[in-house]
Amino acid sequence: MNDLSRRRFLKISTAAAGAVAASGAVLKAAQRATRKPSAGIQNIPTYCDICFWKCGAIAYLKDGELWKIEGNPDDPLSRGRLCPRGTGGIGAHTDPDRLRAPLMKKSVRGAEEWVEVTWDEALNFIAKKMREIKAKHGPESMALFSHGIGGNFLKHTFKAFGSPNIAAPSFAQCRGPRDVGFRLTFGEDVSSPERTDIKNAQCLVLIGSHLGENMHNTQVQEFAEAIEKGASVIVVDPRFSIAASKAKYYLPIKPGTDNALLLAWMNVLVTEGRYDKEFVQKHGFGFPQFAAEISSFTPEWAYPETGIDPELIRASAREMAKHRPATLVHPGRHVTWYGDDAQRSRAIALLNALFGNWGRKGGFYFPVSMDVPGYPYPAYPKPTREKVDNPGHRYPFAHETITTGIREATISEKPYPIKGWFVYATNLFHALPNEAETIQAIQNLDLLVVIDVIPSEIAGWADVVLPESVYLERHDDLNVEWFREPFVALRQPVIEAPHDQKPNWWMARELAIKLGLGAYYPWKHIEEYFEHRLNAAGLSYAELKKNGIIRGAKQPIYFDEGVPIQFPTPSGKVEFFSLQLQQAGFDPVPKYRRPAAGPPGSFRLLYGRAPVHSFSRTHTNRILMDMMDTNEVWPNADVAMRMGLKSGDRVRLRNQDGILSNSIRVKATERIRTDCVYMVHGFGHTAKGMRFAFGKGASDAQLITRYEIDPLMGGTAMNVNFVTIEPETAHG
Ligand code: SF4
């Protein structure tokens, strides 16, 4: 059992965090106030962390204070321009709601309270608990949930400790099905940043991908470039997104029926002979079986399923064929929708294969990377037990750890108990579906440590909260990206942390030393680590510090430029028919499965991104909240009128399991179908320490009580929830 009789959510407030007089945080602030700032303007290159895209940036200081952040023109990701979130990064540094010093949950005079402690006290406590868990249950009983490059050193400490249970929501709650679908087809996944040659595409197909609202800087810039060059855009989405406004063909599909459309598109291309026959003949495996399987899925068959006119299906398929091989069907990113997501992604991969665009300009290029060797650490101990998340390999094509599999094992203690969680930079209450299961798992822990910059919901459940410095105040690992061209980028401190916050590399190293794992950290400061790796690559750290980026020589990225043609699938070819899937008991060619309908009178709940926020992480950033401080629910205008609602009215949403949302404003619009509603993800915070975000908008995550598991890879499909709309007046 944990130290507390029953773990509960405690609200962290800045007042609680400042409870101990003369703490490290207070001292640091006082020292800073008396320090003389350097006069004039300085500029320091780094890379952004407001989302995971890692755009190269230049931060400007004026008289020692942060002034502005711009894109680094030498950086191939940002190309000298940041997205609105990156520009607003200063708000992360000045955020008054930040965590300021390590906090521990303790019983004070019989009541649970947050108590500010020193770093030594916090890390000693964590190391002691980790040793106890290791002695009783084995090192594998500690799990790490981590998001972004900042977690690299914690992962290193975890591996040195002997735990293989390291997971990121980016797999099972986001891009995992896509990578599995593409691996099964081409033998390689799409990677991140995606290897999509958007800027050279002559026809770009977006299926539920709202580029522009989903602000991945490079992709959005390339999208704009493609449009400027006259690319034809086809958008499939139940909601008329910003991208749809650029489309030649907009297909307002019935949610959950994308596979029917994809099969019909492929049917048109094959029956009309509009696919790349030479590519398929040379590089395809099982094409005749594939063609036979899809022969009955005509546009007329797809019409009642998808709601898309057969002639629109035909016309859009012919438009795609006209531009091949420079036709790119974007694989998407957050694709955990309906439970058949890996097969839908495989259908998208097959559609791309029909255009012969793999390795071709305007399709999928071959990413390259700078050769920067890793640090020569001692070998990690070999865990004596397999990862806990996928017992018996029940999801045979999962190639990364399944977060919700760790959660399930924490509840069931099978195949073995998980007794400690470290949660780094991910608010699990907004990232994972079904928050009741997350709470149930947390109740079973002996230790929960949260590392974050803000007092998020997950932090309120922790035993220990460790405040991280924001990206503008810290070093992180070198960014050696797989991209169009090789490069290495540096994140370095631009300004000091205002209180007692620390960088993650420091925490990971200090903890390792306290655990007796100091041999895994032969370097004392991360700059020694950088020097070592860069020297091994023949690169100069001084140059990297000065410019923020070192670019390598351009390399071939297309077949036509000399990239050897190979498909690392079992057949060595593009698998139109998958024997691996057949042998594992799955459909070797994707099939359509009609989605389950919701209760009468309900609407399918769809959610997405906004260009000025990242997940639920940016809602205490005053600059970004000034641009968008709440979300709205979008019902169709006719639906709203029938319900007597208009834009600006306040409502609550109730899901199929009776969960009621916060109050949320209505945006009645023609831009969405009548059978669904839409909201931006990440709002509706319940953590009171997030003062500026608390109670603003409604949380989609709270309404996502149901999820379907992808049988191929364990992803959790979340677009399977339904809501009714209740006027706020009904709730007083
Ligand atoms: S896409 Fe925007 S938020 Fe993300 S790293 Fe780039 S500039 Fe920063």
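Is Ile198 buried or exposed, and what is its relative accessible area? Here are some notes on this predicted model, starting with that residue.

1. Ile198 is buried, with a relative accessible area of 0%. You will find Ile198 in the loop between helix H7 (169-186) and strand E8 (203-207). For a spatial contact to look up, try Phe223: Ile198 and Phe223 are 25 residues apart in sequence, and their C-alpha atoms are 6.1 Å apart in space.

2. Next, the ligand. The ligand sits in the second largest cavity. Around the ligand are Cys48, Ile50, Cys51, Trp53, Lys54, Cys55, Leu82, Cys83, Arg85, Gly86, Met215 and Asn217. By character, this shell divides into eight nonpolar residues, two polar ones and two charged ones. If you are preparing a view of the site, that list is a handy selection to start from.

3. Now to strands E1, E2 and E3. E1 and E2 run antiparallel and are joined by seven bridges; one of the partnerships is Tyr47 with Gly56 in E2. On to the next pairing: E2 and strand E3 (residues 65-71) are also antiparallel, with six bridges joining them. Here Ala59 has Ile69 in E3 as its bridge partner.

4. The turn between E2 and E3 deserves a look of its own. These two strands form a hairpin with two residues between them, and Asp63 in the turn has a positive phi of about 50 degrees. How enclosed is E2 by the rest of the structure? Largely, because six of its seven residues are buried. As background, side chains in a regular strand alternate between the two faces of the sheet.

5. Aromatic contacts come next: a search of the whole structure finds 38 aromatic pairs. One of them joins Phe52 and Phe615, whose ring centres are 6.3 Å apart with planes at 25 degrees, so the pair is stacked. Which parts does this pair tie together? Phe52 lies in the loop between strand E1 (41-47) and strand E2 (56-62), while Phe615 lies in the loop between strand E20 (603-608) and helix H22 (622-627), so the contact links parts that are 563 residues apart in sequence. The two rings fall into separate burial classes: Phe52 is buried at a relative accessible area of 13%, whereas Phe615 is partly exposed at 23%.

6. A contrasting geometry appears at Phe559 and Phe567. Their rings form an edge-to-face pair, 6.2 Å centre to centre, with 85 degrees between the planes. Phe559 counts as buried at 11% relative accessibility, and Phe567 counts as buried at 4%.

7. Some rings also join up into a group. Which residues make up the cluster linked by ring pairs? They are Phe153, Tyr375, Tyr377, Trp505, Tyr521, Trp523, Tyr529, Phe530 and Tyr541.

8. Finally, a sheet from later in the chain. Three strands form an open sheet in the order E16-E17-E18, with antiparallel pairing. Its edge strands are E16 (479-480) and E18 (549-551), each of which pairs on one side only. Strand E17 (residues 487-489) pairs with E18 in the antiparallel sense over three bridges. If you want to find that pairing in the viewer, look at Ala489, whose bridge partner in E18 is Ile549.

Notes: Residues numbered from 1 in each chain as written. Predicted model: local features only at pLDDT ≥ 70, side-chain atom pairs only at ≥ 80, totals over all residues. Heavy atoms only, no water. Pairing = 2+ DSSP bridges. Helix = DSSP H or I, 4+ residues; strand = E, 2+ residues; numbered from the N terminus. Near = heavy atom within 4 Å. 1 Å grid on protein atoms, 1.4 Å probe; cavity = no way out; pocket = protein on both sides within 12 Å on 5 of 7 lines; lining within 4 Å. Sits in = over half its atoms within 2 Å of the grid points. Nonpolar A, V, L, I, M, F, W, Y, C, P; charged D, E, K, R; others polar. Phe/Tyr/Trp six-rings, centres within 6.5 Å; stacked < 30°, edge-to-face > 60°. Buried < 20%, exposed > 50% of the residue type's maximum accessible area, 1.4 Å probe, protein only.
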